[in-house]
Every structure is written in C-alpha cells, then in structure tokens.
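Trainee: I'd like to take a close look at one part of this protein, and then hear how the rest fits around it. Could you walk me through it slowly?

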Amino acid sequence: MKGILLLLLMGVFLPPGLRAEEAFKEWETFSLFKAGDMEDVTDGEILTRMGSVGKTPEALSIQMCYLVEQPVAKTAALLLDWDGAKHPEMQIYASHSFKTLQPGEFDPFKFVSTWPGMEGFLEATKKEGGGGNVFALSVEEKKRLGEMSGPGRIEKPEEWTILAGEFWKETLRGRCETFEKQGLAGMPVSFVGPRQFQTLSQVEAMLAEEPRVARRFDGILRSTLLTPLPGPVVLPDRYYWDIFKADSIVACDLGVMYSRPFQNGFQIVECQIYVSNQYESALILYELRPILVGGRECTVIWRQDFITSPFFKSLTGLLGLVAEQVMMADVEKSAKLFQKDANKVK
C-alpha cells in the first residue's frame with residue numbers, strides 16, 4: 001500500500017503509558033470536544049458537532065472525533081490511501097489517486113451514460129457551453145466548452161458522453177498542472193453566473209471562522225497548502241480525482257492531501273482544490289494522536305470539515321437545520337466506513 005512504509009519508518013512511537021485523557025485535554029483548547037467525551041470515543045462511538053461559520057453564511061463546518069484500532073503511523077498511512085469508491089453508499093462512480101502528475105493519471109477518467117445523475121450532468125454541460133451558469137469554470141474553460149458544444153457539433157448522445165468526458169478530464173488535468181506550477185494561490189478564478197470565487201480566498205475565509213483551529217494547524221498549512229507565492233510550490237503527498245453523485249446530479253472533483261508528523265502523532269490537510277458543481281470548496285483537517293485502549297496501541301482522530309456553497313446562504317430556520325443534518329450524516333458516513341476498513345487491516 002502506497003505511503004505506509006514511509007510513515008512507519010518516520011519513527012513516531014507510542015510513549016509508554018500514554019493516556020487518552022492527555023489528547024482530549026489538549027484538544028479542549030481549540031475544539032468542541034472535552035475530556036468527558038473520551039469514554040464514548042474509546043468505546044468506538046463517532047462524535048460529531050457543528051462548527052462555527054457565523055461570518056461566512058455560505059459555509060458549513062463539522063467537527064468529529066473517533067477511534068481507530070491501529071497504531072498512529074499505520075492509521076495515517078491508511079487515511080492517505082483510503083478509497084471510498086469501493087463502498088457503493090458513497091456514490092463515487094470512479095476515483096484515482098497518484099503521487100505526482102504523470103502522463104496517464106487522468107486516462108481512466110471516463111463517463112458512463114447509465115450512471116444515475118449522469119443524464120442531468122451531460123445536459124447541464126451542454127447548456128453550459130451555450131451560455132448556461134451551472135458549473136464553476138474559468139473564462140478560458142467556458143470558452144473551450146462553448147467551442148466543443150456549439151450548434152451542429154454534436155449529432156448523437158453517445159458522442160456527447162465522450163466529448164463531455166474529454167472536456168471535464170482536460171479541465172481537471174489543467175487545474176492539476178496549474179496547481180503543480182503555482183499552488184493554490186495560482187488557481188484560476190471560477191465563475192458561476194454573476195458569482196466569482198477563488199479557492200484560496202474561500203479556504204482562508206473558512207479558517208478565519210475557527211481561529212483556534214487555524215492556529216493549531218498553522219504550521220502544516222503555511223508550509224504546504226497555503227505556501228505563498230512566489231515561493232516554491234510544496235507538492236502534496238497525494239492527489240486524487242473523483243466522479244461522484246451529489247444530490248441528484250453527477251459532479252467531479254480534484255483534491256490534494258498533505259501529512260506531517262506533529263508532536264507524537266500526525267496532522268493531515270485535505271483540500272478539494274476544484275469541484276465542478278453542487279458546492280465550491282472543501283477543506284478537511286485531521287489530527288491523529290496515539291493512545292492506549294485496553295493495553296492496545298490505537299489512534300484517536302480529531303477532524304474538522306469545512307464546505308462552501310452559495311446554496312447554504314439561502315437556508316435559514318428549519319431548512320438550515322436540515323442542511324446541517326444532511327452534511328453531518330454524509331461526513332459521519334465516510335468516517336464510519338474508514339474506521340471499519342482500517343480496523344480490519346492486519
């Protein structure tokens with residue numbers, strides 16, 4: 001498995017007699033979890049709390065805490081390599097991860113017209129080429145799509161499935177090439193109707209909502225994802241792309257993950273540096289700490305998810321609560337599946 005040997009050789013060893021209380025007492029200083037939550041987590045429960053994003057109405061955040069029955073270095077490696085696509089309930093139709101951008105990394109990116117939600121995605125892509133405003137695209141990407149999908153250029157539905165797949169494959173590949181050269185700060189501005197945004201500014205706004213969390217992760221963030229230009233780009237430990245179903249329509253994304261030793265454990269930063277539709281940006285922060293549970297070396301994971309979508313801004317009252325619960329259920333589902341997979345590893 002990619003990455004496991006490297007992380008195991010880093011030598012992050014469990015200090016003798018480490019107590020679970022030590023990690024939780026430290027997390028009290030920046031998170032929503034208290035030392036009193038320790039017993040529930042060590043019993044295997046996944047705890048979730050809604051985070052604070054009061055000044056950014058188009059954002060939601062969730063904090064989570066759970067246990068994995070593996071040593072901390074092994075858990076970090078498993079988290080970097082985890083593939084949710086093998087679980088049908090995740091509704092990920094295709095997924096691929098890689099260390100560096102090499103020829104062929106996007107070759108498996110292909111659409112299947114019978115996937116649930118694909119018909120609407122293909123139709124929306126065609127309308128986007130004619131001036132629609134559904135997808136997050138740069139000016140150059142919109143122009144390229146318009147040239148592909150103009151009148152008389154598409155005769156059969158099966159042709160459009162292939163052409164649309166090629167457009168989105170090249171869009172993700174182009175964004176990946178830009179990230180490798182210029183980092184998050186150099187990613188192009190995306191336009192959705194009158195709205196425009198840049199992923200870096202959204203990430204910074206989300207972090208500003210949780211200043212204690214931002215300070216906790218400042219070291220890894222400033223040395224990796226948020227390294228300012230014109231300094232050298234710090235390449236991630238893992239890239240990935242997905243084709244997945246979000247609500248009733250297909251979407252695709254491009255993500256990066258960074259992992260660094262922290263104290264006697266690890267911090268991991270995951271960012272979806274491009275998302276085609278349904279939401280705009282996503283950032284996940286993880287802190288992994290080694291603990292002893294019944295004399296066994298285990299890992300307790302603290303996690304915070306941030307996500308931005310203009311759709312959230314219009315949700316108030318009951319609708320807002322429903323949106324929060326849906327997001328919480330989705331995040332908890334992925335954590336449960338990872339926990340289950342990791343615990344099975346020998």
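Is Gln263 buried, partly exposed or exposed?

Mentor: Happy to. Keep in mind that this is a predicted model. Gln263 is partly exposed, because its relative accessible area is 49%, and the partly exposed class stops at 50%. You'll find Gln263 in the loop between strand 7 (249–262) and strand 8 (265–275). Now check its backbone: Gln263 has a positive phi of about 50 degrees, even though it isn't a glycine.

Move along to the loop between strand 8 and strand 9, and there sits Gln278. Gln278 also isn't a glycine, and its phi is positive, near 80 degrees. With 35% relative accessibility, Gln278 counts as partly exposed.

Strand 9 (residues 281–293) brings us to Glu287, which pairs up with Arg216 from helix 9 (residues 211–216), so parts that are 71 residues apart in sequence get tied together. Their link is a salt bridge, with the closest N and O atoms 2.7 Å apart. Here's the general idea: side chains of opposite charge can pair when their charged atoms come close. Glu287 is buried, at a relative accessible area of 0%, and Arg216 counts as buried too, at 15%. This pair has company, since salt bridges with shared partners join Glu26, Arg216, Glu287 and Arg289 into one network.

The model has 17 salt bridges in total. One of them runs between Arg49 and Asp37, where the closest N and O atoms are 3.4 Å apart. Arg49 belongs to strand 1 (residues 47–50), while Asp37 sits in the loop between helix 2 (20–27) and helix 3, so this pair ties together parts that are 12 residues apart in sequence. The two partners differ in cover: Asp37 is buried at 12%, whereas Arg49 is partly exposed at 29%.

Another salt bridge stays inside a single helix. Glu332 and Lys336 both lie in helix 12 (residues 317–344), four residues apart, which is about one turn of the helix. Their side chains meet at 3.5 Å, N to O. Lys336 is partly exposed, with 45% relative accessibility.

Some charges gather in another way. On the surface, Glu39, Asp40, Asp43 and Glu45 form a patch of negative charge. Take Asp40 from that group: it belongs to helix 3 (residues 38–42), and at 33% relative accessibility it counts as partly exposed.

Now for some parts with more cover. Helix 4 (residues 72–81) is largely enclosed by the rest of the structure, because 10 of its 10 residues are buried. Among them are Val72, Ala73, Leu78, Leu79 and Leu80, and also the charged Lys74 and Asp81.

Last stop: Gly129 in helix 5 (residues 118–129). Gly129 is buried, with a relative accessible area of 18%, because the limit for buried is under 20%. Leaving aside neighbours within four places in sequence, Gly129 is in contact with Leu145, Gly146 and Ser149. Try comparing sequence and space here: Gly129 and Lys143 are 14 residues apart along the chain, and their C-alpha atoms are 7.8 Å apart.

Definitions and conventions
Residues are numbered from 1 along each chain as its sequence is written. This is a predicted model: local features need pLDDT of at least 70, side-chain atom pairs count only at pLDDT 80 or more; totals for chains, interfaces and linings use all residues. Side-chain values use heavy atoms; hydrogens and water are left out. Patches are made of residues with over 30% relative accessible area and no salt bridge: like charges are joined within 9 Å, nonpolar side chains (Val, Leu, Ile, Met, Phe, Trp, Tyr) within 5 Å. Accessible areas come from the Shrake-Rupley method with a 1.4 Å probe; for residues, only the protein chains shown count as cover. A salt bridge is a side-chain nitrogen of Lys or Arg within 4 Å of a carboxyl oxygen of Asp or Glu. The place of a charge is taken as NZ of Lys, CZ of Arg, CG of Asp or CD of Glu. Helices (H or I, at least four residues) and strands (E, at least two) are DSSP runs, numbered from the N terminus. Buried means under 20% relative accessible area, exposed over 50%, partly exposed in between (1.4 Å probe, protein chains only). Contact means heavy atoms within 4.5 Å.
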